[in-house]
Amino acid sequence: MNKPDLAGRRILVVEDEFILSLHICRLIDDCGGVVVGPAPTLDGGYALLREKPLPDGGILNIRLGSDTSYPLADDLLAAGVPIIFASSKDRATIPERYGDVPLVAKPIDMVIVAQTLFSAP
């Protein structure tokens, strides 16, 4: 597997499963990216967004305890930050307004994540 070059790209990680969060962060580090977070909660994700500059991309778990990451996803998308949902959820269970947001199964493949977040249109 070729390792993607994330040189200096700041990637927000919002994941409530500790081991998965560590794994995602390690993958980002190994590819030269900069981890923003991780945050295990919606409030934690918002706290990270208050730090500037905005991240270059985001990896969001949909279900965060009793919350979802949808409000955070809305704000990131409105700010022009590309995101993916890293989840085991079925596409049919995700609201239609997120039809353009890529869904990547866990455990994630950083090559797919990098291509999805940062590929030229």
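**Exercise 1. Place strand β3 among its neighbours, and decide whether its faces are covered or open.**

Step 1. In this predicted model, β3 and β6 run parallel and are joined by three bridges. Within this pairing, Gly 58 stands opposite Ile 83 in β6.

Step 2. Strand β1 also runs parallel to β3, and four bridges join these two strands. One pair to look for in the structure is Ile 11 with its bridge partner in β3, Gly 57.

Step 3. To judge the faces, recall that the side chains of a regular strand alternate between the two faces of the sheet. In β3, Gly 57 and Ile 59 lie on one side, while Gly 58 and Leu 60 lie on the other, and all of them are buried. Both faces of β3 are therefore covered.

**Exercise 2. Determine whether Asn 61 is buried or exposed, and find what surrounds this residue.**

Step 1. Asn 61 belongs to the loop between β3 (57–60) and β4 (63–64).

Step 2. The relative accessibility of Asn 61 is 5%, and because buried means under 20%, Asn 61 counts as buried.

Step 3. The side chain of Asn 61 makes a polar contact of 2.9 Å with the side chain of Asp 16. Leaving aside residues up to four places away in sequence, Asn 61 touches Asp 16 together with Val 14, Glu 15, Ser 69, Ala 86, Ser 87 and Lys 106.

**Exercise 3. Work out how the buried residues of helices α3 and α4 are arranged, and what they pack against.**

Step 1. In α3 (residues 70–78), the buried residues are Tyr 70, Leu 72, Ala 73 and Leu 76. They cover an arc of only 155 degrees around the axis, and so they are on the same side of α3.

Step 2. These buried residues of α3 pack against β1, α2 (42–50), β3, β5 (67–68) and β6. After the helix comes Gly 80, with a positive phi near 85 degrees.

Step 3. In α4 (residues 110–118), the buried residues are Met 110, Val 111, Val 113, Ala 114, Leu 117 and Phe 118. Seen down the axis of α4, they fall within an arc of 165 degrees, and therefore they line one face of the helix.

Step 4. The cover over the buried residues of α4 includes β1 (10–14), α1 (18–30), β3, β6 (83–86) and β7 (103–104). The N-terminal end of α4 is capped by Asp 109, which has a side-chain oxygen 2.9 Å from the backbone nitrogen of Val 111.

**Exercise 4. Identify which residues of the largest nonpolar core touch the most other members, and which elements contribute to this core.**

Step 1. Nonpolar side chains tend to be buried together in soluble globular proteins.

Step 2. The largest nonpolar core has 20 residues, of which Leu 12, Leu 60, Leu 72, Leu 76 and Phe 85 touch the most other members. Two or more residues of this core come from each of β1, β2 (34–39), α2, α3 and β6, and the largest share, four residues, is that of α3.

Step 3. Leu 76 can serve as an example: not counting residues up to four places away in sequence, Leu 76 touches Leu 12, Leu 49, Pro 55, Leu 60, Val 81 and Ile 83. Apart from this core lies another, of 19 residues, which includes Leu 6, Cys 25, Val 104 and Met 110.

Technical notes: Residues are numbered from 1 along each chain as its sequence is written. This is a predicted model: local features need pLDDT of at least 70, side-chain atom pairs count only at pLDDT 80 or more; totals for chains, interfaces and linings use all residues. Side-chain values use heavy atoms; hydrogens and water are left out. Buried means under 20% relative accessible area, exposed over 50%, partly exposed in between (1.4 Å probe, protein chains only). A polar contact is a pair of N or O atoms within 3.5 Å; within protein, one must be able to donate a hydrogen and the other to accept it, and residues adjacent in sequence count only if both atoms are side-chain atoms. Contact means heavy atoms within 4.5 Å. The arc is that of the directions from the helix axis to the C-beta atoms. Two strands pair if DSSP finds at least two bridges between them. A nonpolar core is a set of buried Ala, Val, Leu, Ile, Met, Phe, Trp, Tyr and Cys residues joined through side-chain atoms within 4.5 Å.
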